[in-house]
Amino acid sequence: MDPLELTLGIGLAGLLVAVAGYFAYRQQQTLRQLRHDTDLSLDDRRYLHRQVVRRLFSSVLLVILAGFLAGWYFLEPDMEALSGPVNPAGEIPESAKEALRFFAYYWIAAMLVFLVVLVLAVYDILATARFGARHRRQLAEDRRATLEAEVERLQRDRHRLNGGL
């Protein structure tokens, strides 16, 4: 096993665990804040709660992915044994086929976990965009209502200054 490959693999697995731990910690803080903050609207509370669930689930999946990556270094010596001399008759022993199937399923499962992490990340981005758009619309409506109230007040003041005509 190449030491550089081992070092990079362990470093990547450690980075995945560190990122997962950081985001899990931040989501725990958000959850605590949600419990104590009663000023949030129901829609905002629902958005934040769903965001926490998505991100905590993604953190768990990142730890699982790190486990897949670290586990590969324990399985790699078995894979190297499969690359031994090839049978000239072209027959692959059944044990080698079983090992190859296991390694294929192992990486398929790892890639499925990675795919779910990516799908959750895209969904989180879209949910955040919808949340921002809803708040921009609310701000525009509030601004319009404030301006209309100000115009109405100015018209009343002007009418009163003109002697109530």
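Of the 165 residues in the chain, 22% are buried. The structure is a predicted model, and its chain holds three helices and zero strands. Read along the sequence, these elements follow the pattern α-α-α.

**Surface and contacts**

- The chain exposes about 12,200 Å², and carbon and sulfur atoms supply 66% of that area.
- Among contacts in the chain with a separation of 6 or more, 79% join residues that are 24 or more positions apart.

**Helix α3**

- Helix α3 covers residues 94–161, which amounts to 68 residues.
- At 1.5 Å a residue, helix α3 should span 100 Å, and this agrees with its end C-alpha atoms, which are 100 Å apart.
- The buried residues in α3 are Ala96, Phe103, Tyr106, Ala110, Val113, Val117, Leu120, Asp124 and Ala127.
- An α-helix has 3.6 residues a turn, so residues three or four places apart point the same way.
- Just after α3, Gly163 takes a positive phi of about 90 degrees.

**Arg54 in helix α2**

- Arg54 belongs to helix α2, which runs over residues 42–82.
- Arg54 counts as buried because its relative accessibility is 10%, and the cut-off for buried is under 20%.
- Leaving aside residues up to four places away in sequence, Arg54 touches Tyr47, Leu120, Tyr123, Asp124 and Ala127.
- Among these partners of Arg54, Leu120, Asp124 and Ala127 are also listed as buried residues of α3.

**Aromatic residues**

- The count of aromatic pairs in the model comes to nine.
- One aromatic pair is formed by Tyr47 and Phe131, which are stacked, with 4.0 Å from centre to centre and 10 degrees between the planes.
- This pair links distant parts of the chain, since Tyr47 lies in helix α2 and Phe131 in helix α3, 84 residues apart.
- The two partners fall into separate accessibility classes: Tyr47 is buried, with a relative accessible area of 12%, whereas Phe131 counts as partly exposed at 22% relative accessibility.
- Tyr47 is also one of the residues that Arg54 touches.
- One aromatic cluster is formed by Phe68, Trp72, Phe102, Phe103, Tyr106 and Trp107.
- Within that cluster, Phe103 and Tyr106 are included in the buried residues of α3.

Key: Residues numbered from 1 in each chain as written. Predicted model: local features only at pLDDT ≥ 70, side-chain atom pairs only at ≥ 80, totals over all residues. Heavy atoms only, no water. Helix = DSSP H or I, 4+ residues; strand = E, 2+ residues; numbered from the N terminus. Buried < 20%, exposed > 50% of the residue type's maximum accessible area, 1.4 Å probe, protein only. Contact = heavy atoms within 4.5 Å. Areas by Shrake-Rupley, 256 points an atom, 1.4 Å probe, with all protein chains shown as cover. Expected span 1.5 Å × (residues − 1). Phe/Tyr/Trp six-rings, centres within 6.5 Å; stacked < 30°, edge-to-face > 60°.
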